[in-house]
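Trainee: I am new to this structure and would like a close look at one part of it, the side chains and the contacts they make. Could you walk me through it?

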Amino acid sequence: MASSSSGSSIAAPEAVQVLVSLLADESPNVRESSIASLKDIASLSPVLVLDCCSAVSRGGRRRFGNMAGVFQVMLYAVGALDNKDVDSPFMIKLAKIATAEIISSKELNTDWQRAASGLLVSIGLHLPDLMMDEIFLHLPGTNSALPAMVQILADFALADALQFTPRLKHVLSRVLPILGNVRDAHRPIFANAFKCWCQAVWQYSLDNPSYPSLDSDIMSFLNSVFELLLRVWAASRDLKVRTSSVEALGQMVGLIPRTQLKAALPRLVPTILDLYKRDQDISFLATCSLHNLLNASVLSDSGPPLLEFEELSIVLSTLLPVVCIHNDNKENSDFSVGLKTYNEVQRCFLTVGLVYPEDLFVFLLNKCKLKEELLVFGALCVLKHLLPRLSEAWHNKRPLLVEAVRCLLDEQNLGVRKALSELIVVMASHCYLVGPSGELFVEYLVRHCALTDKDRHDFERSKDVSGNTYVPFQYKRSEVIIGTLCPMELRAISEKSLLLLTITIPEMEHILWPFLLKMIIPQAYTGAVAMVCRCISELCRHRSSYCDTMVNGCKARVDIPNPEELFVRLVVLLHDPLAREQLASQILTVLRYLAPLFPKNVGLFWQDEIPKLKAYVSDTEDLKQDPSYQETWDDMIINFFAESLDVIHDDAWVISLGNAVTKQYGLYTANDEHSALLHRCFGVLLQKVNDRAYVLDKIDWMYKQADITIPTNRLGLAKAMGLVAASHLDTVLEKLKGILDNVGQSIFRRFLSIFSDDF
């Protein structure tokens, strides 16, 4: 080390020795800082660090208080060694230090023991035979360190399958003789080791396709282990032993002969399925093993399937409810387990579907017809997953699937509705949605886009807790079953689905247009208007080059609302500038795109005026700062409506528009502020009509629809009467006189006071 400016110096080994001694400091922060510093030095000078660490390791834990820290630094330093710097005698010395510590204690899985095991694995990555020879020295007999030594070999197999697999025979020949004496408490460690060793074989074969098959000795060893695990360990009363044994068997099923596998199936399949009565972690492990078993027994290239579909039915019926398990707490580690389990279940179904596509299709459709919501939900999720992957095999099944899904459209369970919404998108992408049935499915999505906060509150009040707790396993409270899906989540999924149909699937254009126009009018779909308008805008944006086709498409359908009905509905729904999904902005955008449906001269006017209206509502936070924003906005709407009628300047069209207005009073309740705005729009319209009889008739209609006991409605009616009076004062006065004669002076005065205050 270079000298300091003062002339004093500390030799590099001495500095490292100081850091090593600090590994035993009482302060955890000091120990952690020392480990970090030593690792930094080890990356540059691993031999120096190893020399200093080995010096303090000679006395073991009795002399040095933090052997875990020492071993952590050593395994890092060994990993940093270049192959040319690896000294075999020194590595033997380090290996013996590590094994001496391991065999000196009966403890398992302590920090220092894991670190010592890691050091041996790190040595094995450089010198595998040296490390294994050291391990093999401690395998014979009843050594209490046997489980730790076996675990080291398992860790090494996972760390370096390329070097471990050619040495598998030596490992098995030494481990098998001691299996009969393994206690129950240690069996999970041995079973896990067999799992890791088999995984290494699979990895090695993938990396080396030309690698020859396992020789007869290894196969004989594996066959013996397989039978022991299947007939003895997997039948243990200890759940950990059973679970670890099933994991190991799941890795071995592809390595044993098919004759042995076929003989094992009657015992192995029920053993795996029995684990689904346990918790989610265990169900994931069981599903992984089951997937491997299905691949080996059904999808193997070595011969025909070992299981007929009838035999697989119980397996598939057990798996379906597993699809339903989800977790809404993403911070919980179980969330990833639930997602992994879901994916593994889908892989199991795909494996079966590749061999028995028609049988599986019938199986899933039959489950859709049942009244058990968990099975219906599971079947729909599996159909969604398999449809793109088995589309060719299921091509001629389209009518059956469409009919099965159509029969579920009235299902009330929110989870089933969610699965249906997602399945509809997949069906659309594979051209399943055609003609009237296609429109039916689109309307299904719109219906759920219209869910409101009121639906959420109603759901929370009526939610049957007991009905939401049926599950195939014993799950923790943090896990969510399909019944607890929130209506707002369903709405978000349906909105996303409808938008995907519009933007990503060109074949849906002929279904969506002009059908979506029909979805604007119904009262039940008011909450979906923003998303419907957005989708229509997307369609029109792509069809802008052939507006004549667009107009003709509307005229050809008698069930599509006429432009007058659309205009009234959209203008009234502009009322709330703060509505979710930027409703006002979406309506204004779609009006610009729909201009070809209206008299030609209004298009240019909207081109100028609509951007101004959109600018006013673009910043909702700024809008909220103005206490009179609602009044200002309503006035802007009325002016836009009035000026549009002036520009159109077509008496017949205005009369038709008035008829449309009368039909839409039923869309709003009397206490709905939209009803008041509708009064005002009707007043503007009647102001521009010259037919006195028509005006009188519509004033009468307006009054009958109003509820003047509600202040908002009364004010809207008063403003409407004032607007009509600007052109038809005599007619309005005649109507007011009739009101006076019929309802008495008290109500009339209350009505007139509002009327006179505003006009």
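**Side chains and backbone, up close**

Mentor: Happy to, and let us begin with a residue on a loop. At 33% relative accessibility, Glu-581 counts as partly exposed. Please keep in mind that this is a predicted model. Glu-581 has its place in the loop between α29 (563–573) and α30 (583–593). Its phi is near 60 degrees, a positive value in a residue other than glycine. That deserves a second look, because most residues other than glycine have a negative phi. Gln-582 is found in the loop between α29 and α30 too, and its phi is also positive, near 50 degrees. With a relative accessible area of 53%, Gln-582 is exposed.

Another backbone feature involves a proline. The peptide bond from Trp-513 to Pro-514 is cis, with omega near 0 degrees. You will find Pro-514 in the loop between α25 (509–512) and α26 (515–518). For context, most peptide bonds are trans.

Now let us turn to the charged side chains. The structure holds 29 salt bridges. One of them joins Lys-195 and Glu-247, with 3.3 Å from N to O. This pair links distant parts of the chain: Lys-195 belongs to helix α11 (residues 187–207) and Glu-247 to helix α13 (residues 239–252), 52 residues apart. Lys-195 and Glu-247 are both buried.

A salt bridge also forms between Glu-358 and Lys-397, where the closest N and O atoms are 4.0 Å apart. Glu-358 lies in helix α18 (residues 357–368), while Lys-397 sits in the loop between α19 (373–386) and α20 (398–406), so this pair ties together parts that are 39 residues apart in sequence. Here the partners fall into separate classes: Glu-358 counts as partly exposed at 44% relative accessibility, whereas Lys-397 counts as buried at 15%.

Next, follow Glu-734 to Arg-692, whose side chains meet in a salt bridge of 2.6 Å, N to O. Glu-734 is part of helix α38 (residues 729–743) and Arg-692 is part of helix α36 (residues 692–705), so the pair ties together parts 42 residues apart in sequence. Glu-734 counts as partly exposed, at 40% relative accessibility, and Arg-692 counts as partly exposed as well, at 41%.

Salt bridges can also be followed from residue to residue here: Glu-439, Lys-518, Arg-557 and Asp-559 are linked in a network of them.

Finally, have a look at the aromatic rings. A pair of such rings is described by the distance of the centres and the angle of the planes. The structure holds 16 aromatic pairs. In the pair of Phe-156 and Phe-164, the ring centres are 6.3 Å apart and the planes stand at 75 degrees, so the pair is edge-to-face. The reasoning is short: planes over 60 degrees apart count as edge-to-face. Phe-156 is buried, with a relative accessible area of 0%, and Phe-164 is buried with a value of 0% too.

Elsewhere, ring pairs link Phe-567, Phe-598, Phe-605, Trp-606, Phe-640, Phe-641 and Trp-653 into a cluster. A ring can also have a charge as its partner: the charged end of Arg-174 sits over the ring of Phe-136, 4.2 Å from its centre.

Terms used: Residues numbered from 1 in each chain as written. Predicted model: local features only at pLDDT ≥ 70, side-chain atom pairs only at ≥ 80, totals over all residues. Heavy atoms only, no water. Phe/Tyr/Trp six-rings, centres within 6.5 Å; stacked < 30°, edge-to-face > 60°. Buried < 20%, exposed > 50% of the residue type's maximum accessible area, 1.4 Å probe, protein only. Lys NZ or Arg CZ within 6 Å of the ring centre and 35° of its normal. Helix = DSSP H or I, 4+ residues; strand = E, 2+ residues; numbered from the N terminus.
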